[in-house]
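Reader: I should be grateful for a close look at one part of this model, set within the context of the chain as a whole. Please treat the electrostatic contacts first and the remaining features afterwards.

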Amino acid sequence: MDGKPFLFANKKCFSRFSHKRNPRKIRWTQFYRKAHRKNKSALLKKKKTRRIVKKERGIVGASLDLINARRQQQKEMKTATLREQAIKELKERKRAKALRRKKEREERRKKKKTTEKKDKKRTQREQNKKSKNKFNTKQKNIGRKF
């Protein structure tokens, strides 16, 4: 149908193909052997994957021992600097927290002072009103006869 040419090994294969036989059901074909796992020797001979083996070599002017020692030093330096940075960050956080607390305390004190002043003024006003009322009542009572 699609114009592909078929190549057959012999007349036997051609006759089976022309009779539309399924090659998976014919025992001597490769399709049958693969479908029914008959060619175990072929399965065992799978391609071996190549494992890459890394080998470290020294560079001109520096041996492998020297290179490894430098690597270790760099790792230690990195960990030390990371520790120092972490400590600095913690200290900064603590300072910021302390400053925030200090500001909050000052704000609370200011609020207390303002409320205390307002309370004092209120009490003074109330006392003044009472004293005025007393004075007025005394004057009113003086003119009356009982």
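How many salt bridges does a search of the whole structure find?

Author: The structure shown is a predicted model. A search of the whole structure finds 2 salt bridges. As a general principle, side chains of opposite charge can pair when their charged atoms come close.

One salt bridge joins the side chains of glutamate 104 and arginine 108, with an N to O distance of 4.0 Å. A salt bridge is counted when the nitrogen is within 4 Å of the carboxyl oxygen. Both glutamate 104 and arginine 108 belong to helix 4, which covers residues 64–143. The two positions are 4 residues apart, about one turn of the helix. As for solvent exposure, glutamate 104 counts as partly exposed because its relative accessibility is 39%. Arginine 108, with a relative accessibility of 54%, counts as exposed, since the class of exposed residues begins over 50%.

The other salt bridge is formed by the side chains of arginine 122 and aspartate 119, at 3.5 Å from N to O. Arginine 122 and aspartate 119 also lie in helix 4, and a spacing of 3 residues, about one turn of the helix, separates them. Arginine 122 has a relative accessibility of 48% and therefore counts as partly exposed. Aspartate 119 is likewise partly exposed, because its relative accessible area is 40%.

The setting of these contacts is a protein chain with 4 helices and 0 strands. Along the sequence, the pattern reads α-α-α-α. The chain has 146 residues, of which 3% count as buried. Its accessible surface comes to about 16300 Å², and carbon and sulfur atoms account for 53% of that area.

Attention may now turn to the largest pocket. Its space amounts to about 330 Å³. The lining consists of 15 residues, and those nearest the centre of the pocket are Phe8, Cys13, Phe17, Pro23 and Phe31. By character, the lining divides into 10 nonpolar, 3 polar and 2 charged residues. Helix 1 (11–18) and helix 2 (30–35) each contribute at least two residues to this lining. The largest share, 3 residues, comes from helix 1.

A nonpolar surface patch is made up of Phe6, Phe8, Phe14 and Phe17, which together have about 400 Å² of accessible area. Two members of this patch, Phe8 and Phe17, are also among the lining residues nearest the centre of the largest pocket. Phenylalanine 14 is located in helix 1. With a relative accessibility of 44%, phenylalanine 14 counts as partly exposed, because that class lies between the buried limit of 20% and the exposed limit of 50%.

Two loop residues deserve separate mention for their backbone angles. Most residues other than glycine have a negative phi. Lysine 20, however, has a phi near 55 degrees, a positive value in a residue other than glycine. Lysine 20 is placed in the loop between helix 1 and helix 2. Its relative accessibility of 76% is the reason lysine 20 counts as exposed.

Arginine 37 likewise has a positive phi, near 55 degrees, and is a residue other than glycine. The loop between helix 2 and helix 3 (40–44) holds arginine 37. At a relative accessibility of 62%, arginine 37 counts as exposed.

To return to the request, the 2 salt bridges of the structure pair glutamate 104 with arginine 108 and arginine 122 with aspartate 119. Helix 4 contains both partners of the pair formed by glutamate 104 and arginine 108, as well as both partners of the pair formed by arginine 122 and aspartate 119.

Conventions: Residues are numbered from 1 along each chain as its sequence is written. This is a predicted model: local features need pLDDT of at least 70, side-chain atom pairs count only at pLDDT 80 or more; totals for chains, interfaces and linings use all residues. Side-chain values use heavy atoms; hydrogens and water are left out. On a 1 Å grid over the protein atoms alone, a cavity is a set of points where a 1.4 Å probe fits but cannot get out, and a pocket is an open set with protein on both sides within 12 Å along at least five of seven lines; lining residues have an atom within 4 Å of a point. Grid points are joined across faces, edges and corners, and a volume is the space filled by probe spheres set on the points. Ala, Val, Leu, Ile, Met, Phe, Trp, Tyr, Cys and Pro count as nonpolar, Asp, Glu, Lys and Arg as charged, and the others, Gly among them, as polar. Patches are made of residues with over 30% relative accessible area and no salt bridge: like charges are joined within 9 Å, nonpolar side chains (Val, Leu, Ile, Met, Phe, Trp, Tyr) within 5 Å. Accessible areas come from the Shrake-Rupley method with a 1.4 Å probe; for residues, only the protein chains shown count as cover. Buried means under 20% relative accessible area, exposed over 50%, partly exposed in between (1.4 Å probe, protein chains only).
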